[in-house]
Amino acid sequence: VPQEKSLHMQYFFYIYSHEESSAARRGPPTVRFDLHVSEFLRGGASPRAGSKGLEVFVAPQKELWTIIDPNHFCGHEDTLGRLAFTRGSPEGVARHEIVPSRQVAQATLHGPSGIYVLVLANCGGDMTNLRLSGSVSVQNSHGFLPAIAYPKKELYGVFAVLYSLSALSWAYVALPWWAQLHLVQKGLVVISMTGVIECISWWLLYFRWNISSEFSDFVFDIAALCTACKIVVAFRVVLTSAKPKEPLRLNDRRSNDSFVGDAMLMLYMVCAFNEMLVLSLRHSRALDFHFVLMNAAPSIALACGLFLWCHIALVRKIAHLKETNHDARVVQFGRSQMILAVATFAACAVVLLQLFDPTADDESSRWSYHWFFSDGAFQLTFFVVQCAAMYTWRPDSSQAFHVHGYTQVSQVGGAIVGAPVGAAWEDDENSADDDVTGNGNRMETYLAS
């Protein structure tokens, strides 16, 4: 509860008028108040006596200081102790007095489209011992979703279908070659399946929010983690596949670069999740731009480092393949580097669009483009890059010798038992001179014709 003789702006609603709504199925927008006060600390005023003068109202944000006088919003001598407007019944204002017993009230908003602010005012006495509970919800003509978020439900419905089709298509093409697939090809299976779960989760979040006014933190966490995980897996696949040599020995220890890479990826996932959380609250809480930028900076810096690392790793990989005259692999990794370069520039554009989004101000004519700046540009970029990678790494008979899986290998009396069936480790990634045991035994594997 605010201090006495003060008011607090709590939340911002994006509301279309009934005339401007593109999905006017439920009539004009309405506000539902479900609030009550209870005793928080013993002593002081009781809820019944002490809540007098506690009110909440919803009003157009750009007209707020013309509706109320910031110096006399608790009234003059004849209206002290009660919220007072500068004019009798302002258009587009819904007002509710909070009482101890739970009372549900509903009011219709007849104002124009715009940003509406939820204001809690205490024109009574000291209420530090009271607790305010309940909810305030606004139902637009299309449902409970904010006007700028409504198109996102359809956006993620479309991308859920697209990711499902791409995942099924890639599984159909890749499964017959599963034992012979390159790490990149297997990684694309994981990325596409993660994309399916991600988009379904986002769609479910917005669908449930729209019909029930309930924002599910659990579903949001799943969706945001899938988004971050999808990016992390993509970076991990590039960094791992770009290593000059694949491990040949069973007891090979992971290099320091692997631990550093895993640490960066995990840190990036945490920072990316935090960035998505802040961006999701940016407009409804009217967060300051510098606060948003401060929370986005760590994930942006880590992403820049990971992109740079991937480019360097691919350059070294391609140089190594050229030295060993593996032209087919040079072409594949060369195309992969081109895709990564396009993804890098697109990622920079996506970050700029999200941070400097011009579509979420009070001008309702631009709200219909908000979905692209906040979510659409990223999802479209990632999906196009994924499809390009699938085309580049599509498996066929010419790639049948690229085996990176291993059957069970054991050592019996100094001899090696077990090897990949019907394949050979390539000289460009695995030297036949590498030690397999600590006593100097060496292994050479040949592909029988």
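The following paragraphs look at aromatic side chains around one helix of this model. The model is predicted, and local features need pLDDT of at least 70, side-chain atom pairs count only at pLDDT 80 or more, and totals for chains, interfaces and linings use all residues. Residues are numbered from 1 along each chain as its sequence is written, and side-chain values use heavy atoms, with hydrogens and water left out.

A search of the whole structure finds 23 aromatic pairs, where rings of Phe, Tyr and Trp (its six-membered ring) pair if their centres lie within 6.5 Å, and planes under 30 degrees apart count as stacked, over 60 as edge-to-face and the rest as tilted. Trp202 and Tyr206 form one such pair, which is stacked, with 6.3 Å from centre to centre and 20 degrees between the planes. Both residues lie in helix α4, four residues apart, about one turn of the helix; helices here are DSSP runs (H or I, at least four residues), numbered from the N terminus.

Trp202 also pairs with Phe220, this time edge-to-face, at 5.6 Å centre to centre and 80 degrees between the planes. Because Trp202 lies in helix α4 and Phe220 in helix α5 (residues 217-241), this pair ties together parts that are 18 residues apart in sequence. Trp202 counts as buried because its relative accessibility is 6%, and Phe220 is buried with a relative accessible area of 4%, where buried means under 20% relative accessible area, exposed over 50% and partly exposed in between (1.4 Å probe, protein chains only). Trp202, Tyr206 and Phe220 belong to one aromatic cluster, which also includes Tyr156, Trp209, Phe215 and Phe273.

Definitions and conventions:
Helix = DSSP H or I, 4+ residues; strand = E, 2+ residues; numbered from the N terminus.
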